[in-house]
Amino acid sequence: MEPDEQREVYATIDLALRVGEVLLSSGAGTADATATILGVTAAGGLRGCEVDITFTSMAVSYQAAPDVAPETHIRLVRYRSQDFSRLTDVDRLVRRFARGDVTREEASRELARLTSAGPPYPRWTAVLAWGVMAGGATLLLGGGWLITLVAVLTAVVIDLNNRWFNRQRLPAFYQQVAGAFVATAVALVLYAVHAPVKPSLVVAAGIIMLLAGIALTGAVQDAITGYYVTAAARSLEAMLLTGGIIAGVSLGLGLGLRFGLKVGIEPQTIQLANLPIMVISGAVMAVAFAYASYAPLRALLPVAVMGALASLIFTLMTRASFGPAWSTAAAAFVVGLCGYSSGRRTGVPPLVVVVAGSIPLLPGLTIYKGLYELTAGGQLIGIVSLTTAVAIGVALASGLILGEYVAQPIRREARRLEDRLAGPRLVGPRRPVRRRTTRTRRRRRAA
């Protein structure tokens with residue numbers, strides 16, 4: 001291989017790997033990252049590349065000719081961030097490069113600018129958005145204005161603490177433990193002073209806030225689409241982070257029981273008369289999470305619609321006695337089905353709309369109920385409640401993916417690409433576009 005040609009190959013593969021790093025770090029599925037990497041290499045003139053992703057590393061192998069040894073390039077994924085703005089910008093850049101609107105050099109410079117740029121919104125607004133999300137969760141669970149305000153302030157404190165811990169390079173597991181303990185401690189204080197509120201709602205809202213950062217959808221998507229190695233890694237990460245929440249809440253509840261503070265689950269019923277409040281709360285939660293994750297402003301409207309739709313369907317299904325898991329699955333299916341087209345029409349990856357729209361379905365109260373039952377001595381009942389929470393999480397992720405499967409446009413070229421990659425597309429171009437060369441243009445003009 002000539003030196004100039006070798007530099008071209010290296011530059012193209014390097015661009016593809018950097019794009020894949022952004023996708024994986026933002027929670028995209030392995031099928032999406034693989035297809036996008038192949039799309040970039042194909043648009044750069046490299047056909048027949050092989051891609052291997054193992055959650056923390058990516059490898060692209062290219063063989064220029066049958067009698068030439070292949071070369072393999074590897075890149076590590078060193079960070080994880082929930083930055084929907086960067087994901088959207090990189091997705092748009094990949095589409096422009098696949099269409100031939102920008103050259104590889106221009107795409108590489110633009111990608112470097114996007115990955116080094118700061119957040120599009122002030123950080124304090126993102127912190128406040130996490131508080132608004134927790135407040136929406138409290139309203140969704142039947143809380144009043146006072147406990148909602150407490151939940152907002154608690155969530156702000158948790159997020160500020162986690163940001164400080166992150167700057168100190170404390171692992172995410174311990175951040176989850178600390179955040180869950182703070183929420184439980186606030187509930188214990190409210191219970192000790194006999195505040196006229198439901199303290200358990202603060203814990204449930206804090207759990208939902210901490211669960212929102214766990215990429216469970218990507219884990220289930222990888223398992224369904226056949227990427228079992230990355231699915232196992234994502235699942236282990238999700239279990240570890242969820243275990244941190246369980247540890248933090250259990251520590252707080254255990255200390256509370258030692259001091260005679262039993263912050264139990266107050267009787268709560270979801271009445272049909274409260275349906276408008278629940279729908280509005282679901283929309284608020286979804287929009288707040290999307291904004292806290294730096295989603296583009298144009299995505300907030302479809303995200304609000306998806307959040308409201310998820311709350312509406314879940315409430316109606318629950319009142320019809322379908323059970324929490326099936327109600328969650330049905331609501332998630334509709335979100336996945338409608339979120340795909342909403343995202344494409346808005347110009348953002350469907351992953352942004354789908355993940356944010358499903359936030360109201362997270363099983364925060366169920367997890368807290370199971371932990372309290374375990375701590376209070378009801379071993380069997382607590383295990384059943386935690387098992388129900390796991391079933392809800394799996395139903396949520398699988399319902400979203402099934403909705404994406406059904407919503408995926410059935411076209412000949414798209415179907416061939418989907419069959420080869422074995423999965424629905426949530427990020428990236430649906431099919432690589434062959435760049436037209438000067439020779440091809442001359443032939444078309446002559447014809």
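**Surface patch, cavity, salt bridges and pocket**

Q: Trp 124, buried or exposed?

A: Trp 124 counts as exposed, because its relative accessibility is 60% and the cut-off for exposed is over 50%. Keep in mind that this is a predicted model.

Q: OK. Which helix is Trp 124 in?

A: Trp 124 lies in helix 5, which runs over residues 123–140.

Q: What nonpolar surface patch does Trp 124 help make?

A: Trp 124 makes the patch together with Leu 128, Val 132, Ile 280 and Val 284. The patch covers about 480 Å².

Q: Which helices each supply at least two residues of that patch?

A: Helix 5 and helix 11 do, helix 11 being residues 275–292.

Q: And which one gives the most?

A: Helix 5 gives the most to the nonpolar patch, with three residues.

Q: Switching to the inside. How many cavities of 30 Å³ or more are there?

A: The count comes to one. The space in the largest cavity is about 40 Å³.

Q: What lines the largest cavity?

A: Its lining is made up of Leu 15, Val 19, Val 40, Leu 93, Val 94, Phe 97 and Ala 107. Two elements give two or more residues to this lining: helix 1 (3–25) and helix 3 (84–99). Helix 3 has the largest share, with three residues.

Q: How does the cavity lining split by class?

A: There are seven nonpolar residues in the lining of the largest cavity, with no polar and no charged ones.

Q: Salt bridges next. How many in the whole structure?

A: The search finds eleven.

Q: What does Arg 86 pair with?

A: The Arg 86 side chain meets that of Asp 83 in a salt bridge, at 3.9 Å from N to O. The cut-off for a salt bridge is within 4 Å.

Q: Are Arg 86 and Asp 83 buried or exposed?

A: Arg 86 and Asp 83 are both buried.

Q: What about Asp 101?

A: Asp 101 forms a salt bridge with Arg 99, and the closest N and O atoms are 3.0 Å apart. Asp 101 is partly exposed, at 47% relative accessible area.

Q: How far apart are the closest N and O atoms of Arg 113 and Glu 110?

A: They are 2.6 Å apart, in a salt bridge.

Q: Where do Arg 113 and Glu 110 sit along the chain?

A: Both are in helix 4, residues 104–116, and because they are three residues apart there, about one helical turn separates them. Arg 113 is partly exposed, with 47% relative accessible area. Glu 110 is also partly exposed, with 24%.

Q: Which residues are joined into a network by salt bridges that share partners?

A: Glu 8, Arg 104 and Glu 105 are joined into one network in this way.

Q: Last topic, pockets. What volume does the largest one have?

A: The largest pocket has a volume of about 1,700 Å³. Its lining has 48 residues, and the closest to its centre are Arg 80, Ser 81, Gln 82, Asn 166 and Gln 175.

Q: Which helix gives the most to that lining?

A: Helix 10 does, with six residues. Among the helices that each supply at least two are helix 1, helix 5, helix 6 (145–167) and helix 7 (172–192).

Q: And what is the nonpolar, polar and charged split for the pocket?

A: The lining of the largest pocket divides into 22 nonpolar, 13 polar and 13 charged residues.

How values were computed
Residues numbered from 1 in each chain as written. Predicted model: local features only at pLDDT ≥ 70, side-chain atom pairs only at ≥ 80, totals over all residues. Heavy atoms only, no water. Patch = residues over 30% accessible without salt bridge, like charges linked within 9 Å, V, L, I, M, F, W, Y side chains within 5 Å. Areas by Shrake-Rupley, 256 points an atom, 1.4 Å probe, with all protein chains shown as cover. Helix = DSSP H or I, 4+ residues; strand = E, 2+ residues; numbered from the N terminus. Buried < 20%, exposed > 50% of the residue type's maximum accessible area, 1.4 Å probe, protein only. 1 Å grid on protein atoms, 1.4 Å probe; cavity = no way out; pocket = protein on both sides within 12 Å on 5 of 7 lines; lining within 4 Å. Points joined across faces, edges and corners; volume = space filled by probe spheres on them. Nonpolar A, V, L, I, M, F, W, Y, C, P; charged D, E, K, R; others polar.
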